[in-house]
Amino acid sequence: MTIIEAFDSKSSAGDARREKTTAATLVYRELRRDILQGRLKPRQKLLIEALAEHYQVGANPVREALNRLSSERLVDREEQRGFFVPPLSLAHFRELVTTRCWLESRALQESIANSTDAWEERIVVAFHRLSRTPFKAPQQDGQAENHEWEARHRVFHEALISNCGSSWLLKFCGELMDQVERYRYISMTTTYPRRDSNEEHRLIMEATLDGDAPTATERLVSQYQLTLKLLEEQSSFPNTDG
């Protein structure tokens with residue numbers, strides 16, 4: 001084999017690896033979105049061949065995406081049985097909310113302690129965009145969801161804790177946000193018309209910008225606990241995963 005032939009061979013192999021990586025990343029993103037937004041139902045079996053056909057990719061990218069989602073706890077992997085969408089339960093949601101309150105309270109305290117002008121500006125801009133976005137999109141009458149609101153809601157809460165100085169803490173908080181987002185989508189909750197979420201977020205923002213960590217964390221925790229209370233009152237989720 002000549003040097004040129006060897007180079008061409010290595011280049012082709014590299015292109016194939018990049019194409020495989022791209023396909024796996026794309027199917028990961030789409031599969032992740034479909035799980036979080038409830039298009040794939042709790043306890044649904046995730047058949048590799050069916051997913052490959054649906055997303056128009058090969059089996060290997062699907063398998064890689066499922067393994068990655070399994071490591072993020074967005075897919076359950078059972079020996080000899082395959083992959084499944086995780087179940088939902090009130091007990092699990094209570095645990096999520098409790099843990100989220102613990103971690104985000106600490107992250108918010110640290111962010112306030114590390115306050116910078118740039119961080120404060122991120123919070124103000126995020127709140128402004130969120131407050132101007134309706135929870136229900138105009139074309140979604142009768143539905144309790146708006147993907148743009150969900151995205152901006154997450155950006156606001158990420159901005160609050162983004163200055164904590166710990167990439168590990170932010171990673172754990174992000175994983176909890178994913179799990180809570182899935183519950184909100186699948187429950188199709190109607191809690192938001194019964195509460196003034198803009199006012200809740202404004203009060204959290206004001207205490208944060210004032211540097212009042214005790215009040216800011218108390219308001220953040222109260223918001224999450226209210227979400228839990230309203231979901232408990234109206235949810236059809238079972239109490240356990242069993």
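Tutor: Start with accessibility: buried means under 20% relative accessible area, exposed over 50%, and partly exposed in between (1.4 Å probe, protein chains only). Take Ser111, which is buried because its relative accessibility is 0%. Ser111 is part of helix α4.

Student: What kind of model is this, and how are residues numbered?

Tutor: This is a predicted model, where local features need pLDDT of at least 70 and side-chain atom pairs pLDDT 80 or more, while totals for chains, interfaces and linings use all residues. Residues are numbered from 1 along each chain as its sequence is written, and side-chain values use heavy atoms, without hydrogens and water.

Student: How many residues does the chain have, and what percentage counts as buried?

Tutor: The chain has 242 residues, and 43% of them count as buried.

Student: How many helices and strands does the chain have?

Tutor: Helices (H or I, at least four residues) and strands (E, at least two) are DSSP runs, numbered from the N terminus. This chain has nine helices and three strands. Read from the N terminus, the order is α-β-α-α-β-β-α-α-α-α-α-α.

Student: Back to Ser111. Which residue is 49 residues from Ser111 along the chain, and what distance separates their C-alpha atoms?

Tutor: That residue is Leu160. The C-alpha atoms of Ser111 and Leu160 are separated by 7.3 Å.

Student: Where is Arg106, and is Arg106 buried or exposed?

Tutor: Arg106 sits in helix α4. Arg106 falls in between, as partly exposed, because its relative accessible area is 48%. Now look across to Thr217, 111 residues from Arg106 along the chain. Their C-alpha atoms are separated by 8.3 Å.

Student: Which helix holds Glu232, and what is the C-alpha separation of Glu232 and Leu90?

Tutor: Glu232 belongs to helix α9. Its C-alpha atom and that of Leu90 are separated by 7.0 Å, with their positions 142 residues apart along the chain. At 31% relative accessibility, Glu232 is partly exposed.

Student: Which helix holds Glu148, and how do its distances from Leu130 read in sequence and in space?

Tutor: Glu148 is in helix α6. Glu148 and Leu130 are 18 residues apart in sequence and 8.9 Å apart in space, C-alpha to C-alpha. With a relative accessible area of 42%, Glu148 is partly exposed.

Student: What should I look for in phi angles?

Tutor: Most residues other than glycine have a negative phi. Here, Arg43 has a positive phi of about 75 degrees, although it is not a glycine. Find Arg43 in the loop between α1 (3-36) and β1 (45-46). Its relative accessible area is 47%, so Arg43 is partly exposed.

Tutor: Gln80 also is not a glycine, and it has a positive phi of about 70 degrees. Gln80 lies in the loop that links β2 (76-78) and β3 (82-84). Gln80 counts as exposed because its relative accessibility is 80%.

Student: How do I read the packing of two helices?

Tutor: Two packed helices are described by the angle between their axes and the distance between the axes. Axes are lines fitted to C-alpha atoms, for helices over the stretch in contact, and angles run from 0 to 180 degrees between N-to-C directions. Here, α8 (residues 197-209) packs with α9 at an angle of about 160 degrees, and their axes are 7 Å apart. That makes α8 roughly antiparallel to α9 (an angle over 145 degrees).

Student: How many cavities of 30 Å³ or more are there, and what is the volume of the largest?

Tutor: On a 1 Å grid over the protein atoms alone, a cavity is a set of points where a 1.4 Å probe fits but cannot get out; a pocket is an open set with protein on both sides within 12 Å along at least five of seven lines; lining residues have an atom within 4 Å of a point. Points are joined across faces, edges and corners, and a volume is the space filled by probe spheres set on them. The whole structure has three cavities of 30 Å³ or more. The largest has a volume of about 80 Å³. Twelve residues line the largest cavity, with Arg100, Val180, Arg184, Tyr224 and Thr227 closest to its centre. At least two lining residues come from each of α4 (90-113), α6 (147-161), α7 (167-187) and α9 (213-234).

Student: What is the volume of the largest pocket, and which residues lie nearest its centre?

Tutor: The largest pocket holds about 410 Å³ of space. Its lining has 16 residues, and Arg73, His92, Leu96, Leu176 and Gln179 lie nearest the centre. Helices α4 and α7 each supply at least two residues of this lining.

Definitions and conventions
Angles under 35 degrees count as roughly parallel, over 145 as roughly antiparallel, 65 to 115 as roughly perpendicular and the rest as oblique.
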